[in-house]
Amino acid sequence: MDATTEQLHGHRSLQHHFENMEQQREAGTLGMWVFLVTEIMFFGGMFLAYTLYRSAYPQAFASASNHLDITLGALNTGVLIFSSFTMAMAVYFTQTGKPRPQVICLVLTLLLGLTFLGIKAVEYHDKYNDHLIPGRLIPGRPFGPEVAQEGDHDPHKLHLLPGATVRQVELFYWIYFAMTGMHALHMIIGAGLLTFLLIFSLKGRFDPEYHSPVEVIGLYWHFVDIIWIFLFPLLYLLGRHLEHV
Amino acid sequence: MSEHIVSVRVYVTIFLLLLLGTGLTVAAAFVEFPGKLNTVVALTIAVTKATFVVLYFMHLRYSSRLVWVIVASALFWMAILFALTFSDYLTRGWISVGY
Amino acid sequence: MKPIESFEIPEPSKVNYINAQYGLKSWLLTKDHKRIALLYLGSITFFFFIGGLYAMMIRLELLTPPGDFMQSATYNKVFTQHGIIMVFFFLIPSIPATLGNFLIPMMIGAKDLAFPRINLLSWYIYMLGGVITIYALLAGGVDTGWTFYTPFSTTFSNTYVVAAGLGIFVNGFSSILTGLNFIVTVHTMRAPGMTWFRLPLFVWSLYATSLVMILGTPVIAITILLLAFERLAHVGIFDPALGGDPILFQHLFWFYSHPAVYIMVLPSMGVISELIANFSRKNIFGYSFVAFSSLAIAVFGFLVWGHHLFVTSQSVYAGMIFSFLSFAVAIPSAIKVFNWTATLYKSSISYDTPMLYALGFIGLFTVGGMTGLFLASLAVDVHLSDTYFVVAHFHYIMVGGALMGYLGGLHYWWPKISGRMYPEGWGRFSALVIFVGFNLTFLPQFVAGYLGMPRRYHAYPPEFQVFNVLSTAGASILGFGMLIPAIYFVWSMRYGKHAEANPWHLPGLEWRTQSPPPTENFAVTPIVTWEAYEFAPAEETEVVGKFRPEMERI
């Protein structure tokens, strides 16, 4: 817009109840941080449940954890960390007024996020095949993995450490699906938000003066990454040192 | 614009550190540490990785004191949830009813 | 220091936020915080009457010892639904979503809240949660108690637990968005010169309330989700027969639900600070103590939830910690009561309707708070837990405290909100009827509970009947008393005396714009150079003393 209009009405993205762009940006950033506090408390309840049941049934949790695919889990961790990097770069390119690299980075972030979800889908499918979906979530297919006997190294069978019961392993999978499922839901929402960002970026709505949505959605995306940074060792790695394969 | 723009070099460094941390935590998972140390090691690495993400990717390092207070409050409140709940679970075995 | 009457209020224009635009769409798609406050006012009043109907059903059943009015299964649904509606759909949103939404921008000198569209979204989410819950009620109800204790709620109850839980879950997001909006607004949108310590105490209270909403509500969200999945999938996360822990549910549930009661009472305390200072024409005694006490209540309120688990298998050592902390949380509340009382001392009190509610609050909240201390004592709680003593205690706080503040605030700010005065004579009359009816309802319940009458029972031994009869009589008076304001508020919107910009002649920023305000609140952003409750010396103001001759009398 021309200089006179900008002087009279402020930046075209300035909302009427704010005095200036600085106030608007500050409010937006603060709002997202406050929202992330609610997310921390939300996941916190599940981390509490995890901690309690893990201390109650350590052997069962280790057995169940060892049955998860560590390669896929580690790969997913790498994918998500990479996507956090590309997201941070997208913010950087917006701040420095480079729209083309900005769009590329947003596309990469979205693709990496979808890759994460794809790998997760593969993992969930494996669990479904091994009858590891807990309780009666899938009607007609209750929790019922085949337990491996002494000396049987079949990876599809559940290897129970001494003291672990199938009942307790089911509790682990309950928590596994609740936490990774909730995390995946947040990633899906994040993917949706990224799509919006892409559309607006392609329309040229963001510039060094106004790019609050990119920053703020970036904060959300990094937060989802942080949740996974904790989920990965707690769910996938807790019993590896007890593996006797 | 009062925003601080973080350099590409910092982003790349943090990214590589995060990947390193991931590799480290996977490797450490297979080593048998004494007692509960496995968990401590894993959580220490996770907390370090998370700290890098929060400080540099989320720009906390360059944010106002108010944002620091907000992040600290969230962690503090999680701590309250855990600490007071565990004050129940950890002390249940302490008393044996004498009648 | 300027006397109040010389402050320039711009020439009142005929255009205000109510008549600025016409049509249903302009209300349902509004971004104006004042219109959103009115949308909430309507919905909250609706849910209040539904909760009240359930209350009447409870009191009717309890008139006689045998369970003759309804079966126990039905009675379980009635008290559950009374609790759910009153707690989640009336008390928690009441003051923040109506008075808070309306007044916070005005009190800080802003044009709107930080996120107007999120504000509107929060109302739609509230309505969605309400619709889902009403569906649960109509489809067959829920009978677990508003506390949803497991494993009854997860395994044995045959009622619409998941639907009711879903309604509450959705409603929680409304709470979170409101709190988020308030926090960001107060931090970033104060007018020039409006420092934190010049803010009205109402704003401090709502800020503290918002902290509780942000930190607590997500925990009940995840708890309800886990409960719903447990009920659908039968895994055993809270079911002892399957290896789960029902006490974990109670820890997670009460981690939010105790601070929730501070969500309900803190805004009311904020209103009371406004009423006490303004209707005694005196600056609040110990402003910073009251402000910090609001924050202290918000923080300490998160440390005491285990007192709801004293009679469970919770460790007695944890019980001791929670008991000590429960005593500690009473301290900031007591500081506030002392400060309000000190404000009244040697002041110039006018006994208008809002002040009557404020004075009632101080007495009733004190009773409620002190009986809370009985319950915080471990040994006494063993005797009193799950009796009517507890019921009376929390109703003194919720009705005698929170509701009184809400009604007082509604009356006080009614001229600003609607541009009309309510009839003062009827206002005072109904305040007194409500006070008498309330005490008659709940005071006997303390005695009945202490003597052993259990709560949540539809039949009881005959020796408790006298208390129940008194209580039901009181409830009828209370119900009658609350119908009167419902009628005259609606009446006043058409026939009430037109209110000027500052009908009470007070220094607050909200009174320095016309009644009702224009959409943008202030024609020019004010620059604040005065403290929160700066009253002009007595000789310079026209209205001093007890009664206002110019108020309408019926």
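A residue is termed buried if 20 or more other C-beta atoms lie within 10 Å of its own. The exercises below concern a predicted model.

**Exercise 1.** Determine whether helix 7 of chain C is largely enclosed or not, and compare its reach with the expected value.

*Solution.* Step 1: helix 7 of chain C covers residues 161-188, 28 residues. Step 2: from first C-alpha to last it reaches 41 Å, close to the 40 Å expected at 1.5 Å a residue. Step 3: by the burial criterion, 25 of its 28 residues are buried, so the rest of the structure largely encloses this helix.

**Exercise 2.** Identify the residues that touch the most other members of the largest nonpolar core, and locate that core in relation to the domains of chain B.

*Solution.* Step 1: the core has 271 residues, and A:Val37, A:Ile175 and C:Val203 touch the most other members. Step 2: helix 9 of chain C (residues 246-279) contributes the largest share, 22 residues. Step 3: the core lies between domain 1 (1-63) and domain 2 (64-94) of chain B, because both give residues to it. Step 4: leaving aside residues up to four places away in sequence, A:Ile175 touches A:Ala49, A:Tyr50 and A:Tyr53.

**Exercise 3.** Describe the contact between chain A and chain C from the side of chain A.

*Solution.* Step 1: chain A provides 26 residues and chain C provides 30 residues. Step 2: on the side of chain A, helix 2 (21-56) and helix 6 (166-202) each supply at least two residues. Step 3: helix 2 of chain A gives the most, with 15 residues. Step 4: by residue class, the side of chain A comprises 15 nonpolar, 7 polar and 4 charged residues.

Conventions: Residues numbered from 1 in each chain as written. Chains lettered and ligands numbered in written order. Predicted model: local features only at pLDDT ≥ 70, side-chain atom pairs only at ≥ 80, totals over all residues. Core = buried A, V, L, I, M, F, W, Y, C linked by C-beta atoms within 7 Å. Buried ≥ 20, exposed ≤ 12 C-beta atoms within 10 Å, placed from the backbone. Helix = DSSP H or I, 4+ residues; strand = E, 2+ residues; numbered from the N terminus. Domains from an automatic or database assignment. Contact = placed C-beta atoms within 7 Å. Expected span 1.5 Å × (residues − 1). Nonpolar A, V, L, I, M, F, W, Y, C, P; charged D, E, K, R; others polar.
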